[in-house]
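Biologist: Can you put the model up? I have some questions about it.
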Amino acid sequence: MNKEYTYIDGKVIISDENGKKTPVDYYDNLDEILIQENLIETIENKISLLEKESNAYKKYNAKHYIPFFLLMGLMTIVGVPVLFSHCVENPTGYISTSIGEVNQNLFIFTAFSAITLPFTGFMELDRYTKYKDCLKREKGINSELEFLKQQIIVEKERLVELKSKKTRTNENQDFRVVKVNDLEILKIFKSWLNLYYDLGYNGEKYYKYYQQGKLDAKLGKHYTDFGIEIAKEYLEEKGPTLVKRRKNK
């Protein structure tokens, strides 16, 4: 990432975040070009990171959900009474075969199950909620990736255009050190990423709002009018796919 440049007698020495120095000729739109290069590098790094995260979620979410805790609870509730009944009918010597003792143990087990079953259900609900959240996170990440892979083409074309317009009409001979002020453009970039992640994560819910005519009201607290228009364009394109996917589940 470009951090700053030093101007000396018509020459420029660019310093990056690792301390590497690169001498180049001065040109009037140098600041714009350095900022644009930082934006492109940021996008490339983000794409690489998100691809790794997407692959990790894809491997996890590819597995069918199995209600482990619920199945274990049901197996215990159904299986143990059957076992007790079997012990009464087929004495083995390992478990008391006295009908009275069996009934007493069965009552204790039933009471214990009535207490523990709600906890088992809660654990399963928590596990399922996390599983559904992972599915939505994957959609959010993939939405970011799709946006970034399209946007980086645009930004690289803009960089080529900026470099084609190099001039030296405003050259200042004074020695100076100039910081690369990319904070604003990277802030805007982050806001775009947040929007597309949100649209991917909450796509189904937002599409329902869109169909009901409630989207403006729901998103108005968090996004500008322009952001809401982008959301509508996204949902118009992706919405039918979301509905089809939901029906196929």
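Biologist: Which residues of H4 are buried?
Modeller: In this predicted model, the buried residues of H4 are Phe189, Leu193, Leu195, Tyr196, Asp198, Leu199, Gly200 and Tyr201.

Biologist: What span should helix H4 have, at 1.5 Å a residue?
Modeller: Helix H4 covers residues 183–201, which is 19 residues, so the expected span is 27 Å. Its end C-alpha atoms are 27 Å apart, which agrees.

Biologist: And the chain as a whole, how many helices and strands?
Modeller: There are seven helices and four strands. Along the sequence the order is β-β-β-α-α-α-β-α-α-α-α.

Biologist: What share of the residues counts as buried?
Modeller: The figure is 32% of the 249 residues in the chain.

Biologist: How much area does the chain expose?
Modeller: About 16,500 Å², and carbon and sulfur atoms supply 58% of that.

Biologist: Switching to the surface. Which residues form a nonpolar patch there?
Modeller: Ile8, Ile13, Phe175 and Val177 do, with about 360 Å² of accessible area together.

Biologist: Where does Ile8 lie?
Modeller: In strand E1, which runs over residues 2–8.

Biologist: Why does Ile8 count as partly exposed?
Modeller: Its relative accessibility is 37%, and partly exposed means between the 20% limit for buried and the 50% limit for exposed.

Biologist: Last one, on contacts with a separation of 6 or more. What share comes from residues 24 or more positions apart?
Modeller: Those residues account for 77% of such contacts in the chain.

Notes: Residues numbered from 1 in each chain as written. Predicted model: local features only at pLDDT ≥ 70, side-chain atom pairs only at ≥ 80, totals over all residues. Heavy atoms only, no water. Helix = DSSP H or I, 4+ residues; strand = E, 2+ residues; numbered from the N terminus. Buried < 20%, exposed > 50% of the residue type's maximum accessible area, 1.4 Å probe, protein only. Contact = heavy atoms within 4.5 Å. Areas by Shrake-Rupley, 256 points an atom, 1.4 Å probe, with all protein chains shown as cover. Expected span 1.5 Å × (residues − 1). Patch = residues over 30% accessible without salt bridge, like charges linked within 9 Å, V, L, I, M, F, W, Y side chains within 5 Å. Salt bridge = Lys/Arg side-chain N within 4 Å of Asp/Glu carboxyl O.
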